[in-house]
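Let's take a walk through this fold, strand by strand and ring by ring. Have the viewer open as you read.

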Amino acid sequence: MKTRIYIGTPSGPVQVERIWREEGIAESMVCLKRTTEKLPIGAGYDDFVKRPSGIIEREFGPFEAGAFRLDLSNSINQGKSWQLAVFAAHALAREGLLAGPDDPFERAIWLTGQVDNDLKLGGVTQVLEKIHCALGELQALAKEGKQVLLYVPKENSQALSSADLPPEIEGRAVASAPELLEAICPPLTSRAGLTDAAAVAAADRSTDQHRGKRAVLGFLFLVLVAAAIAAGLILPG
């Protein structure tokens, strides 16, 4: 499903217009629309992307040599509350599902929140103000028949409850980035989204396979010993 991603800001929603990998550049950057104007959060975005400080290359790589260019519809000059939306945008872009400003789309997702190295979400400030500044544009999209979703960190669930969202907009608080990916589209869940139960099941399957191999080898050994005894090569004592 083609999806627009919006970053919640106190000045209104900012759309993630495009993400692409570019050869020949050493650091990822954030630009205004598709111009040469670089935004101040570019250094923070580069840290968010690259290893070992960042998580994007770790979760969605490997990538070809180079770095990312991220285009936004309006300026964001400071803070880290853009991280959750950018994480979701990278997940969608990897699958070819991130909608640009001129692309047809079926869904719009508005997000705010920080993402740490363990993919846990951190609360942010001015959430209620950000939601109120976005409602006009989001309601207009809903009236056009678009599915409109809104996500905030668990720490900001009280602000979400106080927002009094209209029925056509679905709001939800999530605790981690994998939980968000599972909510917006299960196939997008990265390896970090592997549940404990799934990891245990995988380990059990591996153990069962090893046990089966050992049983087969043991049986073959007994057959060879019996054959050697029958042939007189080995005395039973």
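Two strands pair if DSSP finds at least two bridges between them, with strands (E, at least two residues) and helices (H or I, at least four) taken as DSSP runs numbered from the N terminus. The model is predicted, so local features need pLDDT of at least 70 and side-chain atom pairs count only at pLDDT 80 or more, while totals for chains, interfaces and linings use all residues. Residues are numbered from 1 along each chain as its sequence is written, and side-chain values use heavy atoms, leaving out hydrogens and water.

Start at strand β4, residues 67-72. Strand β2 (residues 14-22) runs antiparallel to β4, joined by six bridges; here Val-16 partners Leu-72. Strand β3 (residues 29-32) runs parallel to β4 with four bridges, and Cys-31 is matched with Asp-71. Six of the six residues in β4 are buried (under 20% relative accessible area, with over 50% exposed and partly exposed in between; 1.4 Å probe, protein chains only).

Now for the rings. Phe, Tyr and Trp rings (the six-membered one for Trp) pair if their centres lie within 6.5 Å; planes under 30 degrees apart count as stacked, over 60 as edge-to-face and the rest as tilted. The whole structure has four aromatic pairs. Among them, Tyr-45 and Trp-82 sit edge-to-face, 6.4 Å centre to centre with 65 degrees between the planes. That pair links helix α1 (residues 42-49) to the loop between β4 and α3 (83-94), 37 residues apart. Phe-48 and Trp-82 are also edge-to-face, because their centres are 5.5 Å apart and their planes at 85 degrees. Ring pairs thus link Tyr-45, Phe-48 and Trp-82 into a cluster.
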